Amino acid sequence: MSCRLRISYLPIRFVPFHLRFRQCGVLCRSYCKKRDNRGEIMEHVVFDGVQVMVGDSQLLQSKISSIQRDGPSKLQVIADFDATLTKYMIDGQRGHSSHALLQQGNPEYDLKRQKLYEYYHPLEIDPAIPLDEKAKLMEEWWEKTHALLVEGGLSFGAIKSSVAKSRIAFRDGVTELFELLERSNVPVLIFSAGLADIIEEVLRQKLHRPFKNVRIVSNRMVFDQNGNLVSFKGKTIHVLNKNEHAIDMAGPIHEQVGCSEESAADTASVKLRTNVLLLGDHIGDLGMSDGLNYNTRISVGFLNDNIESSSDSYRHAFDVVYMNDASMWGVVKLASQLCSTVKNEVVTSGPKFP
């Protein structure tokens with residue numbers, strides 16, 4: 001049995017439509033369109049109460065079919081961490097990023113790092129600065145911050161305490177997504193300009209179990225026998241260079257939680273996986289796959305704030321855009337399609353679909 005993409009257009013504004021998955025395993029939708037004040041057409045989806053935008057529905061369907069034909073052995077998932085895997089807002093407040101949650105136990109050095117943020121962050125978001133110049137500034141910022149962490153005597157105990165006290169949480173459905181991908185032997189690469197050791201600790205404290213298929217591409221710390229930070233490993237990864245070129249720095253979480261080395265996804269084999277499901281919350285995150293020679297990529301964006309001003313650019317940049325700090329359930333459903341043949345049953349956890 002097969003099902004076709006069903007499209008019906010209604011000439012009304014802000015009319016929701018539902019993203020439906022059928023047991024045949026192919027994505028089916030019913031649509032409506034609206035025109036904004038500039039006369040541009042915007043597609044809006046309501047997925048179990050969550051707003052979603054799909055820029056080119058036929059292209060998306062074609063990509064899903066192509067990845068399905070190749071099977072999960074050719075698929076990898078590349079995901080940003082902060083505000084992508086994690087929630088943007090928590091209890092009405094902005095959630096912590098993996099960098100911002102760190103309190104190194106030395107108020108003097110915490111203040112020094114904050115002053116660096118206040119100086120460099122405006123440069124990071126300044127559109128007038130050329131990218132090559134900005135990249136140098138970002139590397140300068142990161143290296144100064146890392147030097148302060150060493151100089152200020154950061155300990156691994158301070159990392160554990162910072163995570164325990166932090167305001168950070170994963171989106172609903174992240175655990176189920178990782179479980180699905182683990183069962184399907186699909187590697188997950190978490191790319192972050194933050195600190196791998198903090199991300200690992202967040203995963204341990206918040207998900208409560210290791211995932212053998214998850215690897216982290218981020219800045220890694222080196223601790224001495226007493227648990228004190230002494231240096232950083234490898235090249236500095238900042239916001240403008242976190243892409244597949246840094247995959248050789250990827251480390252499996254299980255190194256810290258007792259899983260065997262043989263269970264880790266091999267770096268060389270990951271590079272041979274030519275289909276990508278990419279998750280990010282900034283348009284710049286699309287560059288995470290730049291170093292990979294992929295055949296098909298489905299990009300999923302999370303537009304957490306500034307919805308009205310950013311929706312056009314996100315819709316054109318990503319294949320699918322989830323808005324307003326949405327859950328991960330839509331991605332779970334999408335991943336279930338990519339990891340299954342047409343006859344396979346879709347994942348049934350999470351929200352029910354009409």
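**Strands, crossovers and a helix pair in a predicted model**

In β12, the residue Ser231 is the bridge partner of Val222. The model is predicted, so local features need pLDDT of at least 70 and side-chain atom pairs count only at pLDDT 80 or more, while totals for chains, interfaces and linings use all residues. Residues are numbered from 1 along each chain as its sequence is written, and side-chain values use heavy atoms, with hydrogens and water left out.

The protein has nine helices and 16 strands; these are DSSP runs numbered from the N terminus, with at least four residues of H or I for a helix and at least two of E for a strand. Of its 354 residues, 53% are buried, where buried means under 20% relative accessible area, exposed means over 50% and partly exposed lies in between (1.4 Å probe, protein chains only). Among contacts between residues at least 6 apart in sequence, 68% join residues at least 24 apart; a contact means heavy atoms within 4.5 Å.

The opening pair belongs to the pairing of β11 with strand β12 (residues 229-233), which run antiparallel and are joined by four bridges. Two strands count as paired if DSSP finds at least two bridges between them. Five residues lie between the strands of this hairpin, and one of the hairpin's residues, Gly227, takes a positive phi near 80°. Strand β11 (residues 214-223) has eight of its ten residues buried, so it is largely enclosed by the rest of the structure. Strand β10 (residues 188-195) runs parallel to β11 and is joined to it by five bridges, with Leu195 partnered by Asn219 of β11. Between β10 and β11 the chain passes through helix α6 (residues 196-207), and this β-α-β crossover is right-handed. Right-handed means that, with the strands pointing away from the viewer, the path from the first strand over the helix to the second runs clockwise.

Two loops here contain non-glycine residues with positive phi. His208, in the loop between α6 and β11, has a phi of about 65° and is exposed, with a relative accessible area of 64%. Asn185 lies in the loop between α5 (174-183) and β10, and its phi is near 55°.

A second β-α-β unit, also right-handed, is made by β15, helix α8 (residues 307-317) and β16. Strand β15 (residues 296-303) pairs with β16 in the parallel sense over four bridges, and Val300 stands opposite Val320 in β16. Strand β6 (residues 50-54) runs antiparallel to β16, with three bridges between them; Val52 is partnered by Tyr322. Strand β16 (residues 320-323) is covered on both faces: Val320 and Tyr322 are buried on one side, Val321 and Met323 on the other.

Further along the chain, Ser336 sits in helix α9 (residues 329-338). Ser336 counts as buried because its relative accessibility is 4%. Its C-alpha is 8.5 Å from that of Leu181, although the two are 155 residues apart in sequence.

The last feature is a helix pair. Helices α2 (residues 107-124) and α3 (residues 131-151) pack at an angle of about 175°, with axes 10 Å apart. Axes are lines fitted to C-alpha atoms, for helices over the stretch in contact, and angles run from 0 to 180 degrees between N-to-C directions. The two helices are therefore roughly antiparallel, a label for angles over 145 degrees. Residues making the contact include Tyr109, Leu116 and Tyr120 of α2 and Leu137, Trp141 and Leu148 of α3.

Notes:
Parallel < 35°, antiparallel > 145°, perpendicular 65-115°, else oblique.
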